[in-house]
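Open the model in a viewer and keep the selection panel at hand. The stops below are meant to be taken in order.

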Amino acid sequence: MYQSILILLLQTSRDSIQSIGIFLFRVGVSLSMIIIHGWPKLSSYIEGNVDLFDPLGIGYELSLLLAIFAEVICSILLILGLFSRISSIPLIITMLVAIFLVNAGQPFIVKEKAFIFLMTYIFILLSGSGKISLDALLTKKLTSINKH
């Protein structure tokens with residue numbers, strides 16, 4: 001049963017052209033997230049600076065660590081195409097927090113970047129990571145195990 005659920009989560013397009021597009025999209029967006037948002041937060045945390053907006057009321061440091069987890073770790077998983085659907089969920093939550101809590105009351109132009117990232121992660125959640133991914137390799141292995 002668990003293998004069936006895992007296969008469902010890992011399942012993705014087998015079309016080569018679509019998979020190249022999904023791969024380039026996944027990698028480009030994830031590198032942007034890491035370089036522009038995640039890495040500065042990680043560097044700041046390493047330097048001992050934990051001044052980040054606490055939108056959920058859980059403390060500045062925990063808010064920062066959750067943002068770093070989503071923006072760095074989950075983005076790396078998306079680059080690898082490993083557990084892509086699951087990895088997109090913390091990023092979706094982070095973008096929702098950015099749109100509705102961090103930038104609450106701001107004009108849409110301020111929220112636009114977070115909105116575009118949000119749509120990207122929803123796309124990955126729905127489409128999967130494509131044929132060029134570790135998810136596709138795991139699906140192939142799990143499917144062959146189930147057949148035996």
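The tour covers helix packing, a buried serine, a loop and some aromatic pairs, all in a predicted model.

**Stop 1: helix 2 and helix 3**

Select residues 16–46, which are helix 2, and residues 60–80, which are helix 3. The axes of helix 2 and helix 3 are 8 Å apart, and the packing angle is about 150°. Angles over 145 degrees count as roughly antiparallel, so helix 2 is roughly antiparallel to helix 3. Helix 2 and helix 3 cross in the left-handed sense.

Now show side chains. On the helix 2 side the contact includes Val 27, Ser 30, Met 33, Ile 34, Trp 39 and Tyr 45. Helix 3 contributes, among others, Leu 64, Ile 68, Val 72, Ser 75 and Ile 79. Colour the contact of helix 2 with helix 3 by class: 16 residues are nonpolar, four are polar and four are charged.

**Stop 2: Ser 75**

Stay on helix 3 and select Ser 75. Is Ser 75 buried or exposed? With a relative accessible area of 0%, Ser 75 is buried; the cut-off for that class is under 20%. Setting aside neighbours within four places in sequence, the contacts of Ser 75 are Ser 30, Met 33, Ile 34, Ala 70, Leu 91 and Tyr 121. Of these partners, Ser 30, Met 33 and Ile 34 also appear on the helix 2 side of the contact with helix 3.

**Stop 3: helix 3 and helix 4**

Add residues 84–102, helix 4, whose axis comes within 9 Å of the helix 3 axis and crosses it at roughly 155°. That angle makes helix 3 roughly antiparallel to helix 4. The crossing of helix 3 and helix 4 is left-handed. From helix 3, the residues in this contact are Phe 69, Ala 70, Glu 71, Cys 74, Ser 75, Leu 77 and Leu 78; from helix 4, they are Ser 84, Ser 87, Ser 88, Pro 90, Leu 91 and Thr 94. By class, the contact of helix 3 with helix 4 holds seven nonpolar, five polar and one charged residues.

**Stop 4: the loop between helix 3 and helix 4**

Select Leu 82, which sits in the loop between helix 3 and helix 4. Leu 82 counts as buried, at 19% relative accessibility. Which residues touch Leu 82, leaving aside neighbours within four places in sequence? They are Leu 77, Ser 87, Leu 134, Asp 135 and Leu 138. Measure from Leu 82 to Leu 137: the C-alpha atoms are 9.5 Å apart, across a sequence separation of 55 residues.

Then move to Phe 83, in the loop between helix 3 and helix 4. Phe 83 is not a glycine, yet its phi is positive, at about 50°. Its relative accessible area of 32% makes Phe 83 partly exposed.

**Stop 5: aromatic pairs**

The structure contains three aromatic pairs; two are visited here. Select Phe 25 and Phe 123, an edge-to-face pair with 5.5 Å between centres and 90° between the planes. Phe 25 belongs to helix 2 and Phe 123 to helix 5 (residues 108–127), so the pair ties together parts 98 residues apart in sequence. Phe 25 is partly exposed at 32% relative accessibility, and Phe 123 is partly exposed at 37%.

End with Phe 108 and Phe 115, an edge-to-face pair at 5.4 Å centre to centre and 70° between the planes. Phe 115 counts as partly exposed, at 33% relative accessibility.

Key: Residues numbered from 1 in each chain as written. Predicted model: local features only at pLDDT ≥ 70, side-chain atom pairs only at ≥ 80, totals over all residues. Heavy atoms only, no water. Axes fitted to C-alpha atoms, helices over the stretch in contact; angles between N-to-C directions. Helix = DSSP H or I, 4+ residues; strand = E, 2+ residues; numbered from the N terminus. Parallel < 35°, antiparallel > 145°, perpendicular 65-115°, else oblique. Left-handed = near helix turned anticlockwise from the far one by under 90°. Contact = heavy atoms within 4.5 Å. Nonpolar A, V, L, I, M, F, W, Y, C, P; charged D, E, K, R; others polar. Phe/Tyr/Trp six-rings, centres within 6.5 Å; stacked < 30°, edge-to-face > 60°. Buried < 20%, exposed > 50% of the residue type's maximum accessible area, 1.4 Å probe, protein only.
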